[in-house]
Amino acid sequence: KSLITVEIDMTNKCNAKCPQCAGGRRSTSSLSEQQALSFIKQIVDLDAKALIFSGGGEPLLNPNTLNAIRFASEMGLDVGLITNGIELVDTDIILKHCTWCRISLDAGTPELYRVTHGQGKKQFDKVVDNIKRMVQHKKSTGSKCTIGTGYLTGDATLEGMLDFAALSKEMDVDY
């Protein structure tokens, strides 16, 4: 028997202001590179198959995350990344070393993004642009990384699902 998938929270820091945040932004602690690489070695030794980088915060706010993604992939793990997309700037390592990346967009309009992420049009547009750029980069490099968008369901977001689906289709994400 072995572990199938393990999740690692690289940091509790976050650059969103989600009203329903489970993390509550009570801590801004982050793993050091040494801690992250040690953890990855340990789960490889336990025969884990995959590692998901997510967070009590936004994993890409930890400057060690991209190196940890590369290292995990080089150690033979399937790697996934869950991000809010705000810091989705340097996608080379993600596209080369991740099996999949899910961006928690959670909205199809700036108005709904304010409800789900506590931020306005400028931040929404930035995330949408980051996703479009990543999809284009994937196509130009022939990456096999699956890119998806996530949607937060609930009473406040019910009516926005079609806008989200249309935007995701327009951005040409994989799911």
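This section describes selected local features of a predicted model, beginning with its largest pocket and ending with helix α6.

The largest pocket of the predicted model has a volume of about 540 Å³. Its lining comprises 25 residues, and those nearest the centre of the pocket are C18, G55, I82, S104 and D106. Among the elements that contribute to this lining, strand β3 (78-83), strand β4 (100-104) and helix α4 (110-117) each provide at least two residues. By residue class, the lining of the largest pocket consists of 12 polar, 9 nonpolar and 4 charged residues.

Strand β2, which spans residues 50-54, includes S54. The relative accessibility of S54 is 4%, and S54 is therefore classed as buried, the limit for that class being a value under 20%. Two acidic side chains are paired with this serine: a polar contact of 2.6 Å links the side chain of S54 to that of E7, and a polar contact of 3.3 Å links the side chain of S54 to that of D9. When neighbours within four places in sequence are set aside, the contacts of S54 comprise E7, I8, D9, M10, P59 and I82. Of these partners, I82 is also one of the residues that lie nearest the centre of the largest pocket.

Strand β4 contains R102, whose C-alpha atom is 9.8 Å from that of S54, although 48 residues separate the two in sequence. In contrast to the buried S54, R102 has a relative accessibility of 29% and so counts as partly exposed. Beyond the neighbours within four places in sequence, R102 is in contact with L81, I82, T83, G148, T149, G150 and Y175. I82 thus appears among the contacts of both R102 and S54.

The loop that runs between strand β1 (5-9) and helix α1 holds K13, a residue that counts as partly exposed because its relative accessibility is 36%. K13 and E58 are 45 residues apart along the chain, yet their C-alpha atoms are separated by 6.2 Å. Once residues up to four places away in sequence are excluded, K13 touches S27, T28, S29, S30, G57, E58 and L61. A second lysine, K96, is placed in helix α3 (residues 92-97); with a relative accessibility of 67%, K96 counts as exposed. For K96 and C145, a separation of 49 residues in sequence corresponds to a C-alpha to C-alpha distance of 7.3 Å.

Two aspartates have backbone angles that merit separate mention. Most residues other than glycine have a negative phi. D47, by contrast, has a positive phi of about 65° although it is not a glycine. The position of D47 is in the loop between helix α1 (33-45) and strand β2, and its relative accessibility of 44% places it in the partly exposed class. D172 likewise is a residue other than glycine with a positive phi, its value being near 65°. D172 belongs to the segment after helix α6 and is partly exposed, with a relative accessible area of 39%.

Helix α6 itself, formed by residues 161-171, has F164, L167, S168 and M171 as its buried residues. Viewed down the axis of α6, these buried residues fall within an arc of 100°, so they line one face of the helix. L162, K169 and E170 are exposed on the other side of α6. The cover over the buried residues of α6 includes helix α5 (121-141) and strand β5 (146-150).

Within this buried set of α6, S168 has a relative accessibility of 6% and accordingly counts as buried. Leaving out the neighbours within four places in sequence, S168 is in contact with T149 and V173; T149 is also among the residues contacted by R102. The C-alpha atoms of S168 and V128 lie 9.1 Å apart, with their positions 40 residues apart along the chain. Just after α6, the chain reaches D172, where phi takes the positive value of about 65°.

Conventions: Residues are numbered from 1 along each chain as its sequence is written. This is a predicted model: local features need pLDDT of at least 70, side-chain atom pairs count only at pLDDT 80 or more; totals for chains, interfaces and linings use all residues. Side-chain values use heavy atoms; hydrogens and water are left out. Buried means under 20% relative accessible area, exposed over 50%, partly exposed in between (1.4 Å probe, protein chains only). Helices (H or I, at least four residues) and strands (E, at least two) are DSSP runs, numbered from the N terminus. The arc is that of the directions from the helix axis to the C-beta atoms. Contact means heavy atoms within 4.5 Å. A polar contact is a pair of N or O atoms within 3.5 Å; within protein, one must be able to donate a hydrogen and the other to accept it, and residues adjacent in sequence count only if both atoms are side-chain atoms. On a 1 Å grid over the protein atoms alone, a cavity is a set of points where a 1.4 Å probe fits but cannot get out, and a pocket is an open set with protein on both sides within 12 Å along at least five of seven lines; lining residues have an atom within 4 Å of a point. Grid points are joined across faces, edges and corners, and a volume is the space filled by probe spheres set on the points. Ala, Val, Leu, Ile, Met, Phe, Trp, Tyr, Cys and Pro count as nonpolar, Asp, Glu, Lys and Arg as charged, and the others, Gly among them, as polar.
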